[in-house]
Amino acid sequence: MRELKPGDYVTHIDHGIGKYAGLEKVQVNDKMQEMIRLVYADNDLLYVNINSLNRISKYSGKEGTVPKMNKLGTDTWERLKKTTKKKVKDIARDLIKLYAVRKAQQGNAFSPDSYLQTELEASFIYEDTPDQEKATADFKKDMESPHPMDRLICGDVGFGKTEVAVRAAFKAVADSKQVAILVPTTILAAQHYKTFTDRLKDFPCNIDYVNRFKSSKQIKETLEKLKEGKVDIIIGTHRLVSKDVKFKDLGLMIIDEEQKFGVSTKEKLKQMRANVDTLTLTATPIPRTLHFSLMGARDLSIISTPPPNRQPVVTELHVFNDTLIKESIEHEIDRGGQVFFIHNRVADLPQLGGMIHRLVPKARVGIAHGQLEGDALEDVMLKFVNGEYDVLVATTIIEAGLDIPNANTIIINYAHMFGLSDLHQMRGRVGRSNKKAYCYLLSPPLSTLTNEARKRLSAIEEFSDLGSGFNVAMRDLDIRGSGNLLGAEQSGFIAEIGFEMYHKILDEAIQELKEDEFKGVFPDDKPRPYISFTQIDTDLEILIPDEYVTNIAERYNLYTELSKLENETELKAFQQQLHDRFGPIPPQVNDLLNTMRLQWLGKSVGFEKISLKKNVLRGYFITNQQSPYFETEAFRHILSFVQANPRRCNLKEVKNTLRLSIEGVNSIDQAVMLLSEVAEPVGV
């Protein structure tokens, strides 16, 4: 919402899609208020009260598609919301079933940390970042509970996810369970094997790996040991889900970069991990996995704090040219570093290697791709790791998880051919130490590219900050649309109502299902309030005056921030922040803050709308007269308040809605005091 510019499309939960047309001062009974102006079909105008800001969200469907604007005063939007909710409920039902099955299953509850675990964590040579600490605490809590864990750890490339995985693996081994670590590429299996062996060399733990570099005889031996329980941690590619892989007692599964596995592998994984604890690590979660965890079907830990001294990777977009390639490679070699040159056609690699040799004669060039024999590929990689090559010309085989701190320049040829998360992953291979790193994306002139390719390249250039993997995934949702969460079918309603509104409707649908069909599954959930939002309507001066905050965009940001606050503590902090930034708080702003309090009180009392005009406070109750709300304690409080104050209060039905009026309310302060009293009558 903060980036809203006039002309942007927005979705209002009650009125549908319109265009944002800026902030406007509006006179209400001779008092000035600031409102948000929206334009709908046929140039109809809608003014939205500042207090109702959280009813609008920026429209984001599939990028580049122009949504259809709604007409005010028709029921098209309501119908669309209803059908969407019905379809969404069908999707959500499967999702909750999945969750319910997981919660109902008894997995293995691991025992609390042993002294060896503490020892292992103390031997980590770096200081944990706060997020790493939190992710560690999260997975321990999950592992120690009797339900199977399903946690997604989303941390940017090089932010220390592997260390969290090592700790989880060791925790399982310390409890005499086996661990399977599933990785997408052969090279990564070898690299993880090295990392895990290094970290756990002083601990009682047998680690082995299977990948295609091993002969079938060696693999057979390893699998035999695994079956007998002589191997504690096994690392491998999708070979691990084959039928001949048997575990003696599998307790934890760690999946690295889940999005790199095919659908069939994922299906096999689902069967394998029904009651095994699972930890998934990812740098750019694919939208679907991300969506699952955002919705609570999986638990999510985000590691977004970079390790100290880490700098963002400088990312630049260029058209292929010799000079740039020559200069960037020379610059890197002169400072003692190494370079990746990525090109995804195996046949062209020798030729490109020759070209680099011609441009930079002193560079030692190695070539790596997946069609090399196992030993040859391992040999090239080891030489590069040991610094015997300066430039590695390779396919995307290096994309996942290679950790070579000395390589700090990466050149990606034909960058427009790659997906967003691939580009982000490859860029993550550099800048893993405290040196400044460079990533050059080479592509044909932008004008010749498809719209989507252009957007992908500009997104990767824009998100070059540390920890932006999560943003890349969110942008990916925008560019591709988000698809159906559970199956492969794409869903069209996101384009019709916008992503955030889809989320709101999804949340509502899930809440309703939780309270209705799946009542027993979520015993810990608090009951939902009867009212989700109270609309406030007043004729007082409610705004941030120009002379207090002169910049219009800043005022808008403050309004947005205010609409997101949820309790008195946050409101006090916001008030303090205003005071520190702009000076003593004028009465209009005090009233504005009080309308927030009024809104919260209205919600707890059970008003859908509160109007304070001409010194009369009116509260409109829930329109659904069958609502169980009318049998609650809160409603009884109101009735006793009305009986205690017969001269000021009046309770009557207007157009099928029950309405409470209280006279002689001269200010918002008074309204807040009164409603607090209505909510908690004195002497009850």
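Which residues of helix 12 are buried? I shall open with that point and then turn to charges, salt bridges and cysteines. Please keep in mind throughout that this is a predicted model.

The buried residues of helix 12 are L420, S421, L423, H424, Q425, M426 and R427. Helix 12 spans residues 420-427, and 7 of its 8 residues are buried, so the helix is largely enclosed by the rest of the structure.

A second buried position is found in helix 5, which covers residues 186-199 and contains F196. F196 counts as buried because its relative accessibility is 1%, under the 20% cut-off. Its C-alpha atom is separated by 7.7 Å from that of I207, a residue 11 places away along the chain.

Let me move to the salt bridges. The count for the model comes to 33, and I have chosen three pairs to discuss.

The first pair is E121 and K140, whose side chains meet in a salt bridge at 2.8 Å, N to O. This pair links distant parts of the chain: E121 belongs to helix 2 (residues 115-122) and K140 to helix 3 (residues 130-144), with the two positions 19 residues apart in numbering. K140 is buried, at a relative accessible area of 12%. The pair also takes part in a wider arrangement, since D113, E121, K140, E144 and K171 are linked in a network of salt bridges.

The second pair is E163 and R167, where the closest N and O atoms are 2.8 Å apart. Here both partners lie in helix 4 (residues 161-174), 4 residues apart, about one turn of the helix. In general, an α-helix has 3.6 residues a turn, so residues three or four places apart point the same way. Both E163 and R167 are buried.

The third pair is E568 and R597, with a salt bridge of 2.9 Å, N to O. Again the pair links distant parts of the chain, with E568 in helix 18 (residues 568-582) and R597 in helix 19 (residues 587-605), 29 residues apart. As for exposure, E568 is partly exposed at 32% relative accessible area, whereas R597 is buried at 16%.

I come now to the charged patches on the surface. K227, K243, K246 and K268 gather in a patch of positive charge. One of these lysines, K243, lies in the loop between strand 9 (233-236) and strand 10 (250-256). K243 counts as exposed because its relative accessibility is 78%, over the 50% cut-off.

A patch of negative charge on the surface is formed by E373, D375, D379 and E388. Among them, D375 has its place in helix 11, residues 374-385. D375 is exposed, with a relative accessible area of 57%.

Finally, the cysteines. How many disulfides does a search of the whole structure find? The search finds 0. As a reminder, a disulfide is a covalent bond between the sulfur atoms of two cysteines. For two of the cysteines I can also report the burial: C154 is buried, with a relative accessible area of 3%, and C205 counts as buried at 14% relative accessibility.

To close, I return to the opening topic. Helix 12 is largely enclosed by the rest of the structure, while K243 is exposed, as is D375.

How values were computed: Residues are numbered from 1 along each chain as its sequence is written. This is a predicted model: local features need pLDDT of at least 70, side-chain atom pairs count only at pLDDT 80 or more; totals for chains, interfaces and linings use all residues. Side-chain values use heavy atoms; hydrogens and water are left out. Patches are made of residues with over 30% relative accessible area and no salt bridge: like charges are joined within 9 Å, nonpolar side chains (Val, Leu, Ile, Met, Phe, Trp, Tyr) within 5 Å. Accessible areas come from the Shrake-Rupley method with a 1.4 Å probe; for residues, only the protein chains shown count as cover. A salt bridge is a side-chain nitrogen of Lys or Arg within 4 Å of a carboxyl oxygen of Asp or Glu. Lys and Arg count as positive and Asp and Glu as negative; His and the chain ends are not counted. The place of a charge is taken as NZ of Lys, CZ of Arg, CG of Asp or CD of Glu. Buried means under 20% relative accessible area, exposed over 50%, partly exposed in between (1.4 Å probe, protein chains only). A disulfide is a pair of cysteine sulfur atoms within 2.5 Å.
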